[in-house]
Protein chains: 2
Amino acid sequence: MTLELELAPKVKRAPGEPCCEPVVYPDVERAEAERMAVIAKALGDPIRLQVVDVLRRHAGEVCVCELVPLFDVGQSTLSHHLKKLRDAGIVDSQRRGLWAYYYVRPDALEELRTWLS
Amino acid sequence: MTLELELAPKVKRAPGEPCCEPVVYPDVERAEAERMAVIAKALGDPIRLQVVDVLRRHAGEVCVCELVPLFDVGQSTLSHHLKKLRDAGIVDSQRRGLWAYYYVRPDALEELRTWLS
DNA sequence: CGTCTCAATCGATATTCATCGATGAGATGA
DNA sequence: TCATCTCATCGATGAATATCGATTGAGACG
């Protein structure tokens, strides 16, 4: 904040010479970032993120037949979104009788939350 | 956990009768969820998320010319990703001479982090 | 068994998106 | 003024994705 006035590199330099401190980026962090991107991508659709929001507000489980009328898409489309969320480890489901009940698996969201901290 | 054994609805019911407690989802929460989806979507690409990771590790700013060799894509592609991050309010940039320096704007990430809590 | 219901899957389609190469914009310096 | 450098933007292309309607599969019930 205070003494960074000379961060701007000199324009005159040998070709290929770096303009500033070289940035290092370990493979370990790269792998973790890739995992976080998978979670964020699953949350990156408005419908999917709203589904997660609804599930979190109803701390137990929510039946798919209750989820469908909340959104302006067909049942098959919502099922597709639920699969994406399942594949990312964000939600899971349990069948009872004819119905399927979905619930949030907090671990994935907590992973992302921690990464953001 | 303990007393949810009778959550499964009776199969026999009048047509159209809900299978469980109706779910409500206020428009206010819906709007907030849409905003979070924008942020999550911007983070949902491995390269973009790694860019944010690098910028966070270098608390000040990082020159684009240092960013480019870190990733296996061309300069124009990286510029495209940086624009996406800018549009989502996650990063911002400042030009000094020929160079452009990018830095993280913590607010957007903090918004998402708070939502995840 | 046959039929009904709910949810998952399939196939098709239109849109979005990541990527590239080329070009443009702006600054620097000869 | 002109060449060079960095980065942003443009246009095109192939891949991924969101969506739909139709079908399938699994349970429940009679």
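Here are three short exercises on the structure above, each with a worked solution.

This is a predicted model, where local features need pLDDT of at least 70, side-chain atom pairs count only at pLDDT 80 or more, and totals for chains, interfaces and linings use all residues. Residues are numbered from 1 along each chain as its sequence is written, and chains are lettered from A and ligands numbered from 1 in the order in which they are written.

**Exercise 1.** Work out the fold pattern of chain A.

Start by counting: chain A has five helices and three strands (DSSP runs, H or I of at least four residues for helices, E of at least two for strands, numbered from the N terminus). Now read along the sequence, and you get α-α-β-α-α-β-β-α.

**Exercise 2.** Find what relates chain B to chain A.

Superpose the copies by least squares on the C-alpha atoms of residues with pLDDT of at least 70 in both. A turn of 180° with a shift of 0.0 Å along the axis lays chain B on chain A, at an RMSD of 0.0 Å. That's the relation of a two-fold axis.

**Exercise 3.** Describe the surroundings of DNA strand D.

First, the count: 26 residues surround DNA strand D (near means a C-beta atom, placed from the backbone, within 6 Å). Among the closest are Val73(A) and Cys65(B). Next, the elements: H4 (75-87) of chain A, plus H3 (64-67), H4 (75-87) and E3 (99-104) of chain B, each supply at least two residues. H4(B) gives the largest share, six residues.
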